[in-house]
Amino acid sequence: MSRGSATGDGPPAGSDLELLRAHVAGDRDAFTELFHRHRDRLWAVALRTIGDREDAADALQDAMLSAHRAAARFRGDSAVTTWLHRIVVNACLDRMRRRQTHATVPLPDGVHTDGEPGRHTGGVEPTAPAPDHDTALVVRQALAALPAEQRAALVLVDVQGYPVAEVARILGVAEGTVKSRCARGRARLAVLLGHLRTGADGAVDVPRVTAGNRRPPEGVGSSSGLTRPDASQEEP
């Protein structure tokens, strides 16, 4: 199927919208190409929103299967990337709410506590981390302690750098709601990270949460023909 626009009336050749339309029309490769084009940022959003590689990979897989099936219902009232991000964030929030009653904080190398300090469900006790890694872990743990909606807003605005207006479209809320969630999330992070104060003025210096994966993630096969990031992959 040709993906160019012979008349110039359609979307530009190779655009996200054209790929989505080609997928709806029966092109078996179009959606995979669309996913590969945006998977790094989608993966980064999923990972930072959930905070656990396995859950993030599962949420991203669920989201892409949903998008694959719902493509024909895309109305075009937002960018395709906005639509994809909305589906990914919703999948992450759904998964976070389902595990809320027995949530655990991600630890290095995929080790999780079972709710009691010093006890682990499996794996080897991690060695003492380097100071920089230790600080990054504390920040990630603090981010994981935020309510899901605040965390999603902060990940999109402060970590991924999306404009507030775009985040509002992704989350399906008003811009003021995004600003409010970010403000409450930052205030809570400042309290949680108060022991990391630096400077003579005593102001809380909240380290920037490291950005998501900027390298093409290794993929594992799926029955849909898509690939998802390897959940065991280390962050850059």
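What is the handedness of the crossing of H4 and H6? The crossing is right-handed. To see where that contact sits, start with the whole chain.

This is a predicted model. The protein has 236 residues, and 42% of them are buried. It has 8 helices and 2 strands. Along the sequence the pattern runs α-α-α-α-α-α-α-α-β-β, with the helices leading and the strands following. Contacts often span long stretches of sequence. Among contacts between residues at least 6 apart in sequence, 60% join residues at least 24 apart.

How far can the model be trusted? The average pLDDT is 74. Of the residues, 62% score at least 70. Two stretches call for care. Over residues 4–8 the pLDDT stays under 50. For residues 4–8 the model has 5 contacts beyond four places in sequence. Residues 231–236 also have a pLDDT below 50. That stretch has 21 contacts in the model beyond near neighbours in sequence. Where pLDDT is low, the predicted coordinates should not be read in detail.

Now follow the chain from its early part. Ser15 lies in the segment before helix H1, which covers 16–24. Is Ser15 buried or exposed? Its relative accessibility is 17%, so Ser15 counts as buried. Ser15 also has a distant partner in sequence. Ser15 and Val80 are 65 residues apart along the chain, yet their C-alpha atoms are 9.5 Å apart in space. Val80 belongs to H4, which spans residues 80–98.

H1 comes next. Its buried residues are Asp16, Glu18, Leu19, Leu20, Ala22 and His23. Which helices do they pack against? They pack against H2 (30–50), H3 (53–70) and H4. After H1 comes Gly26, with a positive phi near 115°.

H4 brings us back to the opening question. Two packed helices are described by the angle between their axes and the distance between the axes. The axes of H4 and H6 (residues 148–159) come within 10 Å and cross at roughly 145°. On the H4 side, the contact is made by Val89, Leu93, Met96 and Arg97. On the H6 side, it is made by Ala148, Glu149, Arg151, Ala152 and Leu156. By class, that contact has 6 nonpolar and 3 charged residues, with no polar ones.

H4 also meets H7, which covers residues 164–171. The axes of H4 and H7 come within 8 Å and cross at roughly 60°. That angle makes H4 oblique to H7. The crossing of H4 and H7 is right-handed. Here Thr82, His85, Arg86 and Val89 of H4 meet Glu166, Arg169, Ile170 and Leu171 of H7. The contact has 3 nonpolar, 2 polar and 3 charged residues. Val89 of H4 appears in the contact with H6 and in the contact with H7.

From H7 the path leads to H8, residues 175–192. How are H7 and H8 oriented to each other? They pack at an angle of about 100°, with their axes 8 Å apart. That makes H7 roughly perpendicular to H8. Val164, Ala165, Val167, Ala168 and Leu171 of H7 meet Glu175, Val178, Lys179 and Arg181 of H8. These residues divide into 6 nonpolar, no polar and 3 charged. Leu171 of H7 takes part in the contact with H4 and in the contact with H8.

Key. Residues are numbered from 1 along each chain as its sequence is written. This is a predicted model: local features need pLDDT of at least 70, side-chain atom pairs count only at pLDDT 80 or more; totals for chains, interfaces and linings use all residues. Side-chain values use heavy atoms; hydrogens and water are left out. Axes are lines fitted to C-alpha atoms, for helices over the stretch in contact, and angles run from 0 to 180 degrees between N-to-C directions. Helices (H or I, at least four residues) and strands (E, at least two) are DSSP runs, numbered from the N terminus. A crossing is left-handed if the near helix is turned anticlockwise from the far one by less than a right angle, and right-handed if clockwise. Contact means heavy atoms within 4.5 Å. Ala, Val, Leu, Ile, Met, Phe, Trp, Tyr, Cys and Pro count as nonpolar, Asp, Glu, Lys and Arg as charged, and the others, Gly among them, as polar. Angles under 35 degrees count as roughly parallel, over 145 as roughly antiparallel, 65 to 115 as roughly perpendicular and the rest as oblique. pLDDT is the predictor's confidence in each residue, from 0 to 100. Buried means under 20% relative accessible area, exposed over 50%, partly exposed in between (1.4 Å probe, protein chains only).
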